[in-house]
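Open your viewer, switch to cartoon view and have the selection tool ready. We will take the stops one at a time.

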Amino acid sequence: MATISKKRKFVADGVFYAELNELLTRELAEEGYSGVEVRGTPQGTEIIIRATRTQAVLGEKGRRIRELTAVVQQRFNLAPGSVELFAEKVNNRGLSAIAQAESLRYKLVGGLAVRRACYGVLRFVMESGAKGCMVSVSGKLRAQRAKTMKFQDGYMIASGHPVTEYVDTACRHVLLRQGVIGIKVKIMLPWDPSGKTGPKNPLPDVVTVLEPKEDVVPPRPVAPLS
């Protein structure tokens, strides 16, 4: 086996992830695809597909997931049995920007009014426990002139390192009769010390005021008997 430099390996891994994500986004859009995770193990490569409807991803008697495994093996020229696909259910789809962008996309394709569809997504996200949400829809919405409509609720950060941990972003394109409509969904996740529904690290500007400790009065010394 030829040795590969670290730089080339990182680039190759990034290209593999990007192409795999694009394939699964197109293939599993209706199944509520919400992202993919690639893990390297001594036995081979494990690919964990996160989706809202895992049963549809697996298919009847696991047929769909076997088909996807075969497609990935052929496309990336992997040895048979070296790659394994798993489906993982998204616990809270209201906190997944990809799932909400796909949901909004199907609403617009179905002919629902833009304002009504966006407010529906916004309300659902906020009821799911998000700290904030922003939905942007741009394109020829009603008139011939293109414009952007923004809908926002709650608290949203836009700069600094916490953006990478706290803000989940997704971008999708809808092909309608009048032209292409662009959708962008940003969800501000809540802080979760367990790390299940949100990031473990708290925001750096959050100040926690602790309750003062009770003063312990020391006992008075007793004078010795003379």
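Start by selecting strand S2, residues 45-51, together with S3: the two pair in the parallel sense over seven bridges. Keep in mind as you look around that this is a predicted model. For a closer view of this pairing, pick Thr45 and look across to S3, where Val83 stands opposite.

Now widen the selection to the whole sheet. You will see an open sheet of three strands in the order S1-S2-S3, and its pairing is mixed. Which strands are at the edges? They are S1 (33-40) and S3 (83-89), each of which pairs on one side only. Turn the view a little and follow the twist: neighbouring strands of this sheet are turned by 20° against each other on average, direction ignored.

Next, add helix H3, residues 63-75. H3 lies across S2 and S3, and runs at about 135° to S3.

For the last stop, select helix H4 (residues 97-109) and helix H5 (residues 114-127). Their axes come within 10 Å and cross at roughly 155°. Angles over 145 degrees count as roughly antiparallel, so H4 is roughly antiparallel to H5. The crossing in which H4 passes H5 is right-handed.

Show side chains to explore where these two helices meet:

- From H4, select Gln100, Leu104, Lys107 and Leu108.
- From H5, select Val114, Ala117, Cys118, Gly120, Val121, Phe124 and Val125, which meet those H4 residues.

Try colouring this contact by residue type: the residues of the contact of H4 with H5 divide into eight nonpolar, two polar and one charged.

Technical notes:
Residues numbered from 1 in each chain as written. Predicted model: local features only at pLDDT ≥ 70, side-chain atom pairs only at ≥ 80, totals over all residues. Heavy atoms only, no water. Axes fitted to C-alpha atoms, helices over the stretch in contact; angles between N-to-C directions. Helix = DSSP H or I, 4+ residues; strand = E, 2+ residues; numbered from the N terminus. Parallel < 35°, antiparallel > 145°, perpendicular 65-115°, else oblique. Left-handed = near helix turned anticlockwise from the far one by under 90°. Contact = heavy atoms within 4.5 Å. Nonpolar A, V, L, I, M, F, W, Y, C, P; charged D, E, K, R; others polar. Pairing = 2+ DSSP bridges.
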